[in-house]
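Here is a short report on one protein model. It looks at the pockets and at a sheet beside them.

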Amino acid sequence: MSFNIDHVVITVSDINKSIYFYSNILGMELQEFLSSTDNVNRKSLKFGKQKINLHEASKPFKPHANNPIPGAMDICFLSEINIDDWLKRFNKFNIKIEDGPVEKTGANGPIRSLYVRDPDKNLIEISNQI
């Protein structure tokens, strides 16, 4: 059986702060699209072949998780940019480093990781494959 992740959804308290973090700091591409189910304009953040859909906590789109709350996500992004360069970037934007760089075990072997938090305190792991 083979799966790939197409998208994930995060619930955010302030969509503009989240867009700034994921677009300007992490470098994801903001995209807007019209939902085919309710004709509402929605926002997502594209990276590679995947995207993150943003749901505002005050008005989450249906269907949604059982308990859609900001700050409940813990996600790891593999990056081709060196962790040391990410460290410099986070320092430039005054983003507190939660942990790292540290060696961890990823889905396909060892990774070197750096941990930060987004505006809703979701744990964001940026990693390089070793």
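Strand S5 gives four residues to the lining of the largest pocket, the largest share of any contributor. The model is a predicted one.

**The pockets**

The lining of the largest pocket counts 17 residues. Nearest the centre lie Ile5, Cys76, Phe77, Leu78 and Ala107. Three strands each supply at least two lining residues: S1 (7–12), S4 (50–56) and S5 (74–78).

How do the two pockets compare by volume and by class of lining residue? The table sets them out.

| Pocket | Volume | Nonpolar residues | Polar residues | Charged residues |
|---|---|---|---|---|
| Largest | about 440 Å³ | 10 | six | one |
| Second largest | about 220 Å³ | eight | three | one |

Residues lining the second largest pocket include Leu26, Gly27, Met28, Phe47 and Gly48. Phe77, Leu78, Ser79, Glu80 and Ile81 are also among them, as are Trp86 and Ile126. Phe77 and Leu78 thus appear in both linings.

**The sheet**

S5 also belongs to an open sheet of four strands. The order is S5-S8-S7-S6, and the pairing is mixed. Which strands stand at the edges? They are S5 and S6 (99–106). Each has a single partner strand, so one side of each has no neighbour in the sheet. On average, neighbouring strands are turned by 35° against each other, direction ignored.

Helix H2 (residues 83–92) packs on this sheet. H2 touches S6, S7 (109–117) and S8. The direction of H2 makes about 0° with that of S7.

**Strand S8 and its partners**

S8 covers residues 123–129. On one side, S8 pairs with S5 in the parallel sense, over five bridges. Phe77 stands opposite Ile126 in S8, and Leu78 has Ser127 of S8 as its bridge partner. Ile126 also lines the second largest pocket, along with Phe77 and Leu78.

S8 pairs with S7 as well. These two strands run antiparallel and are joined by seven bridges. Here Leu114 stands opposite Ile126. Ile126 therefore has Phe77 facing it in one pairing and Leu114 in another, with S8 bridged to both S5 and S7.

S7 and S8 form a hairpin, with five residues between them. In the turn, Lys121 has a positive phi of about 75°.

Is S8 largely enclosed or open? Six of its seven residues are buried, so S8 is largely enclosed by the rest of the structure.

Methods. Residues are numbered from 1 along each chain as its sequence is written. This is a predicted model: local features need pLDDT of at least 70, side-chain atom pairs count only at pLDDT 80 or more; totals for chains, interfaces and linings use all residues. Side-chain values use heavy atoms; hydrogens and water are left out. On a 1 Å grid over the protein atoms alone, a cavity is a set of points where a 1.4 Å probe fits but cannot get out, and a pocket is an open set with protein on both sides within 12 Å along at least five of seven lines; lining residues have an atom within 4 Å of a point. Grid points are joined across faces, edges and corners, and a volume is the space filled by probe spheres set on the points. Ala, Val, Leu, Ile, Met, Phe, Trp, Tyr, Cys and Pro count as nonpolar, Asp, Glu, Lys and Arg as charged, and the others, Gly among them, as polar. Two strands pair if DSSP finds at least two bridges between them. Axes are lines fitted to C-alpha atoms, for helices over the stretch in contact, and angles run from 0 to 180 degrees between N-to-C directions. Contact means heavy atoms within 4.5 Å. Buried means under 20% relative accessible area, exposed over 50%, partly exposed in between (1.4 Å probe, protein chains only).
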